[in-house]
Amino acid sequence: MGSILDDGYRCSRPRLICFRYVMLLGFASINLVPKARGWSKEGHIMTCRIAQGLLEAEAAEAVKNLLPHNVEGDLSAFCIWADQIRHWYRYRWTSPLHFIDTPDDACSFVYSRDCHDPHGLKNMCVAGAIQNFTSQLSHYTQGTADRRYNMTEALLFLSHFMGDIHQPMHVGFTSDEGGNTIELRWFRHKSNLHHVWDREIILTALADYYDKDMDLLLQDIEGNFTDGIWSDDVSSWKHCNDDLQSCINKYAAESINIACKWGYKGVEAGETLSDDYFDSRMPIVMKRIAQGGVRLAMILNRVFSDTQQGFALPT
Ligand SMILES: *[C@@H]1O[C@H](CO)[C@@H](O)[C@H](O)[C@H]1NC(C)=O
Ligand SMILES: *[C@@H]1O[C@H](CO)[C@@H](O)[C@H](O)[C@H]1NC(C)=O
Ligand SMILES: *[C@@H]1O[C@H](CO)[C@@H](O)[C@H](O)[C@H]1NC(C)=O
Ligand SMILES: [Zn+2]
């Protein structure tokens, strides 16, 4: 944002530039609408790129067939679709599917207690949504797809929500809306705790270490799980028996645990978070992106496999 505001003086210059400034400000304020709940664009894109790189042939083929043709099989191009449509009238029902509100300070996730929308409607949370869209997709290869369901949308929702469930503050406390109402400063600008985990840590990492180049960051993350600090952990990350529900519950529980231990801990509204917070939390954010990608690939490989290695899912 800084650079946009710094350019303000240009308004005394030719009208075209002034117009551009106003447009940029317009977009900037749209982006700043508070309470947006979504792993940043970058977080989602990286999660989906990682997953796509790990797809087996059958899953890669199914994904390619389901995606709109103009993206040439690039799943990451549509990973933020679910955030873009959530306020459209037709899709307003999807809004509670991006997160889970758990009881304040409980630091645990219990599906029957926590997975519902603000009105108490059961299963309407990110964990229920992942189960729902995985189940819809499993009918695609089985040739029993329910025509009420759009398989392309199911794929886009699943890919997006696997990112969200790995963002620790998407499984946060109820009263502060997953950190959204905890306003503070990130270095020198205003932010909130939810946003720090959605976006700020990733953007600061990109600026400080990767020349603002997401591909370089992605290569580093991939290097760290193929042949680096996490390579011994990958098989446990993607381990999942037939019971998908318990795997999803595990991902949500990991998130709320991290939110308690690393997200909320020691943070006071109004304070400034800077180097100490960034240095200690950045590795966690990167690991969650890696885990989200590895696990999304695991799910897609299983639902789209010809051999019967899918999940036992309710129909
Ligand atoms: C599952 O998806 C269908 C539409 O495809 C929707 O009507 C339903 O509310 C969804 N449920 C959950 C828990 O996501
Ligand atoms: C499925 O959903 C996508 C994305 O919303 C849309 O572009 C497409 O037309 C839909 N397909 C059908 C058959 O309704
Ligand atoms: C990858 O691992 C190296 C070596 O431990 C570490 O310095 C780096 O921050 C890690 N990168 C990411 C994106 O996690
Ligand atoms: Zn989201």
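User: What makes a residue count as near ligand 1?

Analyst: The cut-off is a C-beta atom, placed from the backbone, within 6 Å of the molecule. In this predicted model, the residues around ligand 1 are W93, L97, N123, M124, G128, A129, N132 and Y149.

User: How many residues of each class are in the shell around ligand 1?

Analyst: Five are nonpolar and three are polar. Charged residues are absent. Gly counts as polar, so G128 goes with the polar ones.

User: Which residues surround ligand 3, and which helix gives the largest share?

Analyst: The shell holds D220, I221, N224, G228, I229, P283 and M286. Helix α10 supplies three residues, the largest share. Both α10 (214–226) and α13 supply at least two. By class, four are nonpolar, two polar and one charged. Asp counts as charged, so D220 is the charged one.

User: Why are β3 and β4 called a pair?

Analyst: Pairing needs at least two bridges. Strands β3 (residues 183–186) and β4 (residues 189–192) have four, so they pair. The sense is antiparallel. R185 has K190 in β4 as its bridge partner. The hairpin has two residues between the strands, and F187 takes a positive phi near 50°.

User: What describes the packing of α8 and α13?

Analyst: Two packed helices are described by the angle and the distance between their axes. For α8 (residues 151–166) and α13 (residues 275–303), the axes come within 9 Å and cross at roughly 145°. The crossing is right-handed. The contact has two nonpolar, five polar and two charged residues.

User: Which residues meet there, and what cut-off makes it a contact?

Analyst: C-beta atoms, placed from the backbone, must lie within 7 Å. S159, M162, G163 and H166 in α8 meet R288, Q291, G292, R295 and L296 in α13.

Key: Residues numbered from 1 in each chain as written. Chains lettered and ligands numbered in written order. Predicted model: local features only at pLDDT ≥ 70, side-chain atom pairs only at ≥ 80, totals over all residues. Axes fitted to C-alpha atoms, helices over the stretch in contact; angles between N-to-C directions. Left-handed = near helix turned anticlockwise from the far one by under 90°. Contact = placed C-beta atoms within 7 Å.
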